[in-house]
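Me: I'm new to this one. Could you take me through it and tell me how each label is earned?

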Amino acid sequence: MSRKLFLKSFGCQMNDRDAERITGLMRREGYETTEVLEEADVVVVHTCSIRQKAEEKAYGLLGRTRALRQKNPGLQVAIGGCVAQQQGAELMERNLLLDVVFGTHQIRRLPELLEEARRKQRSIVRTEYDYDPDRLEGPLFWESTGDGRAAPTSALVTVQEGCNKSCTYCVVPRTKGAELCRPSSAILDEVRRLVERGVQEIVLIGQTVNSYGKDGSADISFPDLLRKCSNVEGVGRIRFATSYPPDVTEALAAAMAECEPVCEHLHLPVQSGSSRVLAAMNRGYSRGAYLEKVRLLRSAMPDLALSTDIIVGFPGETEEDFSLTLDLVQAVGYDQIYGFCYSKRPGTQAPRMEGHIPDEVKKERLVRLFEAAKRVSMENNSKWIGRDVEVLIEGPSPDGERMQGRTRWNRLVHTAGAGISAGDWASVRVERISPQSLIGQALRVAAPLCGIQPVAGRHCHPGAA
Ligand code: 5AD
């Protein structure tokens, strides 16, 4: 009987992609996957440390594996991801009973580390950085034999990993290391393989994806990478995340506007609407400079939808600073906002700053941020009522009764599910809205790979000039 892997991954899209690689590697070693923790022979916890809460979730799961050892003495537990990278051997001292601690750059060695731990009957810790771009390669998990999983509708493709910026709140440069770009030939080869397998949408990912090639370490520029990916025959849609505002250029806006598969949506984290707070965060731009980037993008794509990340309660943030953030939310008209209370992270500069904000104030600001976000997204969504939108269907809605997918502008759409499958392209007439989604009836449905000719053209955005 083959050994079973239970894998739980927390955090960002980079971690999601890494989790796919871990699954692919382990399947290559003959493992089967299980969703039931109690059935596992190997448990891999792939961690996130962006905020304190994310870190705690991983410890909760590791705690549960302790009891399992009594029933299955051969059980192996491995911890990877950002917590593993940052804490390394210290994790052993927490008495979590770990067999392997593997850092963010050591994923491809996981099978051999598990083997070594078994052979030597002791714990293994590997957290060195590794700047060989080959470490970003890996099996696509659904290509591994016998899995039986269909190709996903939308697939993540790593183009860059790590971060050379130094935002004072952020732990990522310490956990993922410095920026490493993947050669364009490897990226394009993966995109082609995905499209051949029936993937409809490609999401190019990196911590600061639009900084790709800026330091001269890639063979082409990011705008040219977008062009090349767009030219891969059969690609339906292309998205990319996450973008760093100072690296938004005219060349990027032009490439987005010019490439038909590239969607009219950009996730552009602003973090704060106050130049004073942005300076303390060391974000490398002011409020005015950010708004200028938005103007530049929208002059190339008048219907561009924007989403963002915002931190409330950064040390020293006054009520006036916060009201500038609320004002910016309105001014930009974001379709979606991911808001977070500032959380102290080890090894970063912000914990040493003056003016830490009490938790109650942070929470109250977050509530007000979400109220503002809801008002703006309702305003944006209301423009869609009565319109037909092209929806790439991703799968069943959480209620199990409808199907859901996204518009090119990244708006979630729910529609009655009869006769619709994941990967289909549906033309949906919008009847109702919620802050997060559009709800309507599918009028026409086209099978996968017909996405090359969108059923509702890109110029049907009601907000377009
Ligand atoms: N506290 C709160 N939020 C944070 N983020 C990053 N670091 C912190 C922190 N220390 C948020 C930022 C980032 C998103 C992924 O997480 O908004 O864009």
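Me: What makes you say that helix α13 lies across β13 and β14?

Reply: Contact does: heavy atoms within 4.5 Å. Helix α13, residues 359–382, lies across those two strands and runs at about 175° to β14. Angles go from 0 to 180 degrees between N-to-C directions, with axes fitted to C-alpha atoms, for helices over the stretch in contact. Keep in mind that this is a predicted model: local features need pLDDT of at least 70 and side-chain atom pairs pLDDT 80 or more, while totals for chains, interfaces and linings use all residues. Residues are numbered from 1 along each chain as its sequence is written, and side-chain values use heavy atoms, without hydrogens or water.

Me: How do you know which stretches are helices and strands?

Reply: They're DSSP runs, numbered from the N terminus: H or I over at least four residues for a helix, E over at least two for a strand. Strand β13 covers residues 305–312, for instance.

Me: What makes β13 and β14 partners?

Reply: Two strands pair if DSSP finds at least two bridges between them. β13 and β14 have 6 bridges, in the parallel sense, and therefore they count as paired. D309 has Y338 as its bridge partner in β14. The open sheet they belong to has 3 strands in the order β12-β13-β14, with parallel pairing. β12 (265–267) and β14 (336–341) are at the edges, because each has a single partner strand and one side left without a neighbour in the sheet. Neighbouring strands here are turned by 10° against each other on average, ignoring direction.

Me: Where does the other open sheet begin and end?

Reply: Its order is β2-β1-β3-β4-β5-β6, 6 strands with parallel pairing. The edges are β2 (32–33) and β6 (124–126), each pairing on one side only. Helix α5, residues 110–120, packs on this sheet, touching β3, β4, β5 and β6 at about 155° to the direction of β5. Helix α1, residues 13–28, lies across β1, β2, β3 and β5 (100–102), at about 170° to β1.

Me: What does β3 pair with, and over how many bridges?

Reply: Strand β1 (residues 4–9) runs parallel to β3 and is joined to it by 5 bridges, with L5 partnered by V42. Strand β4 (residues 76–80) also pairs with β3 in the parallel sense, over 5 bridges, and H46 has G80 as its partner there.

Me: Why is β3 called mostly covered?

Reply: Buried means under 20% relative accessible area, exposed over 50%, and partly exposed in between, using a 1.4 Å probe and protein chains only. In β3 (residues 42–47), 6 of 6 residues are buried. V42, V44 and H46 point one way, V43, V45 and T47 the other, and all are buried. That fits the general pattern, since side chains of a regular strand alternate between the two faces of the sheet.

Me: What makes β3, α2 and β4 a right-handed unit?

Reply: Look with the strands pointing away from you: the crossover is right-handed if the path from the first strand over the helix to the second runs clockwise. β3, helix α2 (residues 52–71) and β4 make such a right-handed β-α-β unit.

Me: How do you know whether E161 is buried or exposed?

Reply: Its relative accessible area is 2%, so E161 is buried. E161 is found in strand β8, residues 160–161. The side chains of E161 and R135 share a polar contact of 3.0 Å. That label needs N or O atoms within 3.5 Å; within protein, one must be able to donate a hydrogen and the other to accept it, and residues adjacent in sequence count only if both atoms are side-chain atoms.

Me: Which residues surround the ligand?

Reply: Among them are Y169, Q271, D309 and Y342, where near means a heavy atom within 4 Å. A backbone N or O atom of Y169 is 3.1 Å from a ligand nitrogen. Side-chain N or O atoms of Q271 and of D309 each lie 2.6 Å from an oxygen atom of the ligand.

Me: What about Y169: buried or exposed?

Reply: With a relative accessible area of 10%, Y169 is buried. Y169 is found in the loop between β8 and α6 (172–175), and its side chain makes a polar contact of 3.3 Å with that of Q271.
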